[in-house]
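Me: I'm new to this one. Could you pick a single chain and take me through it closely, in plain language?

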Amino acid sequence: MLTNQASMKRNGVQDYVSLRTTAAIIFAYSVFMAWFFITTDNLTFIEWRGLFSGLAMKVFTLATLIAVMIHVRIGLWQVLTDYVKASSLRAVLQFVLNVIAFGYVAVGLFVLWGV
Amino acid sequence: MGNSISLRIKQAYIVKKQRPVNLELNTIKFPPSAISSILHRVTGVAMFFALLFVIWAWAVSVSSPEGFADVQAIMDGFLGKFVAIGTASALIYHILGGLRHVVMDLGYWEELESGNLSAKAIIALWIILTVVLGVALC
């Protein structure tokens, strides 16, 4: 296990735990945002910006975006290995999709920074 | 992804073994658990790309009052509503499918009958919630 911990190699248990823990964070965020939209009538810019200006919400939002990045890293890999048989094409697709996923986190970080 | 995919592979194997090949497509049917599994994948991939729009809309709407008004105008239009309902609907299905997976992690709904029944149940619940969402947003 030590070599597994020290290297970047993944294993099934790691993917399994990562997939479900990140899902729990994304689920919590989804429920929170759904509750916010349901309980807020006529959302204004001040309210909307105010929601993301608190430190707790910044942490929650960033944690969710990072969770999405980890979740799609595993999920898209699962889908791609099933449907894209050519390993070179799959490598390129995985790279591009993971860069997009990282982009979501980066955009989120800078947006939250400015709110 | 567990049960339903191995089930699909097993089915494909059985279909391959039984000859002659059946080309009557209307007699070939995926079991509900297979449909549930595919929907989980489709909604997941769809949301990944929908996030391009969601994160863009979020970034613009919190940046300035003008940006907020722009996004609000898009959300009042057909395209905005279509993407919003589609994304939220995909999220609802993916969550329901995910919760079903958690139940299967705990050792329930893993039999052919219970697995297909739970698949039918979440698909039905998803359709109901999507209709409710559509009515609420339109």
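Reply: Let's start with a yardstick: the radius of gyration is taken over C-alpha atoms, and the rule for a globule is 2.2 Å times the number of residues to the power 0.38. For the 115 residues of chain A, a compact globule would come out near 13 Å, but chain A has 17 Å. Its C-alpha atoms fill a box of roughly 50 × 30 × 25 Å along the principal axes.

Before going on, bear in mind that this is a predicted model: local features need pLDDT of at least 70 and side-chain atom pairs count only at pLDDT 80 or more, while totals for chains, interfaces and linings use all residues. Residues are numbered from 1 along each chain as its sequence is written, with chains lettered from A and ligands numbered from 1 in the order in which they are written.

So what is chain A built from? It has 5 helices and 0 strands, which gives the pattern α-α-α-α-α along the sequence. (Helices are DSSP runs of H or I with at least four residues, strands are E runs of at least two, and both are numbered from the N terminus.) The UniProt record, an unreviewed entry, marks residues 21-38, 50-70 and 91-113 of chain A as "transmembrane region". UniProt positions follow the numbering used here, feature names are shortened, and annotations may be inferred rather than shown by experiment. In the model, the span 21-38 of chain A is 100% helix and 0% strand, with its end C-alpha atoms 26 Å apart. The span 91-113 of chain A is likewise 100% helix and 0% strand, and there the end C-alpha atoms lie 33 Å apart.

Now zoom in on helix 2 of chain A. It has 28 residues and, at 1.5 Å a residue, should span 40 Å; its end C-alpha atoms sit 40 Å apart, so the two agree. (The expected span is 1.5 Å times one less than the number of residues.) Thr22(A), Ala23(A) and Ile26(A) are buried in this helix. Buried means that 20 or more other C-beta atoms lie within 10 Å of the residue's own, exposed means 12 or fewer, and partly exposed is in between, with C-beta atoms placed from the backbone. Across chain A as a whole, 14% of the 115 residues count as buried.

What do those buried residues of helix 2 of chain A pack against? They meet helix 4 of chain A together with helix 4 (78-105) of chain B. A contact here means two C-beta atoms, placed from the backbone, within 7 Å.

Helix 4 of chain A is where His71(A) is found, and UniProt (unreviewed entry) places a "binding site" there, at His71(A). Is His71(A) buried or exposed? It counts as buried, because it has 22 C-beta neighbours inside 10 Å. Setting aside neighbours within four places in sequence, His71(A) is in contact with Leu19(A), Thr22(A), Ala23(A) and Ile26(A). Ile26(A) turns up again in the contacts of Val68(A), along with Ala101(A) and Tyr104(A), again leaving aside neighbours within four places.

Val68(A) also leads us to the core. The largest nonpolar core has 20 residues, and those with the most contacts inside it are Val68(A) and Ile92(B). Helix 2 and helix 4 of chain A, together with helix 2 (32-63), helix 4 and helix 5 of chain B, each give two or more residues to this core. Its largest share, 6 residues, comes from helix 4 of chain B. (Such a core is a set of buried Ala, Val, Leu, Ile, Met, Phe, Trp, Tyr and Cys residues joined through C-beta atoms within 7 Å.)

How do the two chains touch? The contact takes 17 residues from chain A and 15 residues from chain B. On chain A, helix 2 (12-39), helix 3 (45-53), helix 4 (55-83) and helix 5 (87-114) each supply at least two residues, with the largest share, 5 residues, from helix 4 of chain A. That side of chain A divides into 12 nonpolar, 4 polar and 1 charged. (Ala, Val, Leu, Ile, Met, Phe, Trp, Tyr, Cys and Pro count as nonpolar, Asp, Glu, Lys and Arg as charged, the others, Gly among them, as polar.)

One last stop is Asn42(A), in the loop between helix 2 and helix 3 of chain A. Its phi is near 45°, a positive value in a residue other than glycine. Asn42(A) counts as exposed, because it has 5 C-beta neighbours inside 10 Å.
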